[in-house]
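Visitor: Could you walk me through how the labels on this structure are earned?
Guide: Gladly, let us look at it together.

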Amino acid sequence: MSLLDRSATDLLSDLQSGELSSVELTQAALGRIEQTDKQVGAFLYQDAESALGTAKSIDQRRQAGEQLGLLAGLPVAVKDVLCDQNTLATCASQMLKNFRPPYDSTVVAKLKAADAVLIGRTNMDEFAMGGSTENSSVQLTRNPWDLECAPGGSSGGAAACVAAGMAPLSIGTDTGGSIRQPAGLCGVVGMKPTYGRVSRYGLIAFASSLDQVGPLARTTSDAALLLEAISGHDPRDSTSLNQPVPAYSQTIDKPLENLKVGIVREHFAEGLDSEVERAVRDAIAVYESLGTEVKEVSLPHSKYGVAAYYVIAPSEASSNLARYDGAHYGHRTDQAEMMAELAAERKELEEAGDTRGLDNLDTPLIRMYRRSRAEGFGPEVKRRIMLGTYALSAGYYDAYYLKALKVRRLIRQDYDKAFEEVDVIAGPVTAAPAFKLGEMVDDPLAMYLVDLYTVSANLAGLPGISLPCGQSESGLPIGLQLQGPPLQEERLLRAAHMYEQETDWHTRRPTSI
Amino acid sequence: MAEQPYTTVIGLEVHVQLATKSKLFCRCSTQFGAEPNTQTCSVCMGLPGTLPVMNAHAFELAMQTAIALNCDIPEFTKWDRKQYYYPDLPKGYQISQFDLPMSSDGYLEISDPKERFEPKKVRILRAHLEEDAGKSIHDEAAGKADTEIDLNRTGTPLLEIVSEPDMRSSLESRAYLQELKLLLTYIGVSDCNMQEGSLRVDANVNLHLEEGGEKIATPIVEIKNMNSFRAVERAIDYEAERQWREWQETGRKLGESPKQTRGWDDAAGVTRGQRSKEESSDYRYFPDPDLMPVVTKAEQVEEVRATLPELPAGLRQRLGEEYSLNAYDSDVLVNQGRGVVDYYLSAADASGNPKLTCNWVTQEVLRELKEQEIAIDDFGVTAERLSGLVKAIDDSLVPGPRGKEVFATMLAKNCDVETATKELGIEQVDESELVALCQELVDANPKIVADVKAGKMQAIGALIGQAKARNPNVDPGRVREICLELAQKA
C-alpha cells in the first residue's frame, strides 16, 4: 500500500511517532499530484515551495518537542472558494482570476492553527454553482474512477483529489449537496455540518443561508478529525453557532447503542437507479445486522426541495454576486474598447435619428458594469443571477421567494417530526452513479435534479454525511447518505463509522489512474 | 402670509448619523475628515467572503432615539438588503431595514413660541437603522472625467426617521427639524453636524386643495438630500408654489403620474427634476442571510428608557411648573441645549429668584455667548457667580441699573460679584445718609417741590439725577421714594 493510499488518521500517528516526516508526506503528495493531476485536473494551482516550507517547519517544531495542532503535518487541499491570505481565490471564475484576498478565511486560519500543510487549491464549479465541476471557467476535472465521467460538484476538485490519493484530506463547501454529491460520485467520505457549525467568514458566498464548509476524506475517522479542526464559534460570523465543539475524532470509535435508523419513503420513488437502490438497501441491511432498529419515516415536502432551493439559492446569489461590478477589484472591461463601443452606438443612433434609443443608451458607468459582468461570469452564474433577480423583483417576491421560504420551513418541520422517531436518516446521495462529462451540460434542469436527495438538508440547516456503500457494475462508486438533527455531527459520524467498520468500500481505490 | 388656495402637506425623512466610535457592521472608525480610504477594512469594503457583525452600541443609540420619539420597539427586528448599483456601494446592496424596522409609531411635539402655528404632534411612522454608502469624488480637473471613491463613510450607522405627512408649512417643518435635532443632541446620540452630513433631510411634498367640493391631492414630490434647515424651508416653499403652478397647468392628481424625485439647487433657489430613469428603482429587498434578527425584550427597552436623560419637552414643562417661567422663556433656555439649561438651573437654585436669573441668562449671558462665539462651558461668569450677582441685585446690595456694569466687570476681571462691586466702588448707602442727601436736594430745589405738589410727579426725576451725581451708589428707586415724600411734606 502506497503512503498516499492510507488514511489520514494512520498517517497522523506515523507523523506523531516520528516514523514519517511531514516533508516526506508532502513530497509524496506533490509527487502524486505531479503524476496524476494532468489526467484528473483536480487542482487549480499549488505552491509546492510554500507547502514544503510549512512541512519542514512543522517537522522541526515536532523535533523540538513543541505541542502541535490537531492536523500537524497532514496535507490538506482547499476548495478555491475559501480565502487564504495573499493566495489566489478565484472561485474558478474569470471574474476573480487575479483576486488575492488580504485575509484568511476562518477555516483556513483554523487549518493553519492546526498545523495542516495547505497543499493546493482545488477546482470547482464557478462560484460553487453546479453539480459537475464542468462550470469551472479554468479546467475540466475528471472522476478518478472513470476519466470520462464527471466528479460531481461543485466541490469536484476537492473530492477527486482525495479519491485519487493526491491529498488525504480536503475542504469543500456544500450549498445544495456540493460536498456530499461529489463525495458520493468519487467514493470518498464527505460531510456537510449543521449550518453555523463551521464559520463562513472568508468563504466567498454563493447562497449565504445555505453555504456550509465541510471535510472530504477517505474515512469517517479522517472526516471527524478534519471537522473537529475547522468547527467552532466565530465572532466574525453572526450566523455561527456558539456551541462547544465535541472531540469528534475521539468518539468516532464508540458504537451507538439502540440506534434507530430511518429510511425515507419518498427516497425510494421513481427515478432512483436500481444499482443505487440495491446498494443503499444493502447498507441498511448492514445496520439491521448490527441490531439497529430500522423504521420508515416520511418527508412529504422533500419533493419541493429542489424547486425551493432553485429559488432561494439564486436569489441570494444574485445579491451576493452584485459586488462583482468591476469597480473595486476583480475583472473590469477594457475602458478604451468600451468607450469606442459606446461612441459607435451613439453615432449609429444619431444617424438613424433614434432619440429614444439615445435616451436609453448606457452611461459609461452602466456600460462598464454590463461589460465587466458579461465578460467575467460564465453561463451558469449568469443564469442563476437572472433567476434570482427575477424571483426577488417587485411583484414576484411573494410568489417565489416568500413561497420558497415557507416550503423551507415545512421541510424543516418534516425533519423535526422524523427525528422524534429516529436518530439518523439513511438514504441515497444521488439517484445514479457518476454521469458522463458533457452529458448534462445542455440540460441545466436535469443537472439541478442531481441535488434531489441532498438539498433538503441545506434548506433545513441539518448535518449530512456521504460515505461509500457500493459500486455499480461499471465500477463507479455509490454513496450512502446519513442525515441527523442539528448539531448531531458526532452521532452521524459514529453511525457512519459503525457501517464503515462492517464493509470495505472505503478501502477501494480507482484503478484507471 | 397671504391666504393660499391650497394646503401644503409635508412628510420628512431624516437621516441621522449615530455617534458611535465604529461602523455599523465592522470595527472601523467613523471619525470625520480622515484621508480617503484610511478608515476601511475588508468588511466595509465588501470584499468577497467577508461578513457583517452588528455593532450593539449603534443599536442601543437607535433604541434611545426611538424611545425618546415615543416609538414602539418591537420584540423582533431584522436586517434586509436593498440592492442597487453604485460605485460607492461596494457590496451592490445596502444593509437596511425594510418591513420590520426596529421602531415605529412614535411622535414628536412641536410648537412655536411666537404662536405662528398651533402646537401639534407630528407622528413618526418609523425609525430604522441602516449603513451609509461611500462617497464619489468627481475629478474633472484638466479635462479628466475620473470618479474617485472614498469608502471611509461606508458602513457608518444611520438612523432614518420617517415622519407621517403631518406638517402643513415650511415653518412647521423647520420646527420639527429643530426639535428633532435638539432631542438628538440632548440624548447625545448624534453630533447633528449638518455640514459634515450627520443630519440629512429628504422632504415629501404635495398639495391638498378643493375644487368644486372635491378634495384633491397633487402628485407627491420627494426633494432629496438637503443639508440645512434653511434649505429645507426654502425648498418646501418653492416646491409648493411650483406644484400649484403645475396643477393649474396640467390638472394632474395624485396617482396620475409616478412619484417624482427632485433635487434642491440652493444657489439657484429651485428644485430640479431628476431623470426619470433613476426613479423606477426595484430594490429587490430580502432578509440579509448574513445577519441574525435582533430580539429585544421589554426589560431591555425599559433599561434603555431608564438611561435616557431629561428630554426637551419635559424640561420645558418643569421650567414652567417648578421655576414659574413662561413658555417663551422656557423655550429660549431649552433650545440653547442642555448646557445652558444646567447653567440656568444651578444659578436659579442658588439665587432663589428664578425669573430674575432667567432674564440674566436669556439676555446678558446668551448675548455674550453669541458675541464671543463660545459654548456655555467656556463662559467666564460661572453659574455660581451669576447667582451671586442676581442675589445682590435682589437684596438691593447692587442697584439694578448698575447690574450690567457689575456683570461686565465680573466678565472682564474674571471675578465674583463682591470683587466687582468693590472695583466699581459700589457700596450700600446708609439710610440716614440717603435721607440727608435727599433733604438737601429738596431744600435746594423749591421749583421742583412746587411742581410735585402740583401733581407733576415726574419732575422728581431731576433730583434723582443730581443724587446719582453726588453719590453713584445711591439706589435711584429709593431716592425717588424719599424725595417724593420729603417734597410732599415740604
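What follows is a short conversation about the labels used here.

Guide: This is a predicted model, where local features need pLDDT of at least 70, side-chain atom pairs count only at pLDDT 80 or more, and totals for chains, interfaces and linings use all residues. Residues are numbered from 1 along each chain as its sequence is written, chains are lettered from A and ligands numbered from 1 in the order written, and side-chain values use heavy atoms, without hydrogens and water.

Visitor: Why is Tyr343(B) called buried?
Guide: Its relative accessible area is 7%, and buried means under 20%, exposed over 50% and partly exposed in between, with a 1.4 Å probe and protein chains only. Tyr343(B) is therefore buried. Tyr343(B) sits in helix 7 (residues 338-351) of chain B; helices are DSSP runs of H or I with at least four residues, numbered from the N terminus.

Visitor: Why does Thr185(B) count as partly exposed?
Guide: Thr185(B) has 38% relative accessibility, so it falls between the two limits and counts as partly exposed. Its place is in helix 2 (residues 170-187) of chain B. Pro312(B) is 127 residues from Thr185(B) in sequence and 10.0 Å away in space, C-alpha to C-alpha.

Visitor: Why is Tyr396(A) called partly exposed?
Guide: The value for Tyr396(A) is 33%, so partly exposed is the right label. Tyr396(A) is found in the loop between helix 14 (379-392) and helix 15 (398-421) of chain A.

Visitor: Which residues make the nonpolar surface patch with Tyr396(A)?
Guide: Tyr390(A) and Tyr400(A) join Tyr396(A) in a patch of about 290 Å². Patch members have over 30% relative accessible area and no salt bridge (a side-chain nitrogen of Lys or Arg within 4 Å of a carboxyl oxygen of Asp or Glu). Nonpolar side chains are joined within 5 Å, like charges within 9 Å, and areas come from the Shrake-Rupley method with a 1.4 Å probe.

Visitor: What makes a space a cavity?
Guide: On a 1 Å grid over the protein atoms alone, a 1.4 Å probe must fit there but be unable to get out; lining residues have an atom within 4 Å of a point. The count is 7 cavities of 30 Å³ or more.

Visitor: How big is the largest cavity, and which residues are closest to its centre?
Guide: The largest cavity has a volume of about 110 Å³, the space filled by probe spheres set on grid points joined across faces, edges and corners. Of its 15 lining residues, Phe25(B), Val43(B), Cys44(B), Pro52(B) and Lys91(B) are the closest to the centre.

Conventions
On a 1 Å grid over the protein atoms alone, a cavity is a set of points where a 1.4 Å probe fits but cannot get out, and a pocket is an open set with protein on both sides within 12 Å along at least five of seven lines; lining residues have an atom within 4 Å of a point. Helices (H or I, at least four residues) and strands (E, at least two) are DSSP runs, numbered from the N terminus.
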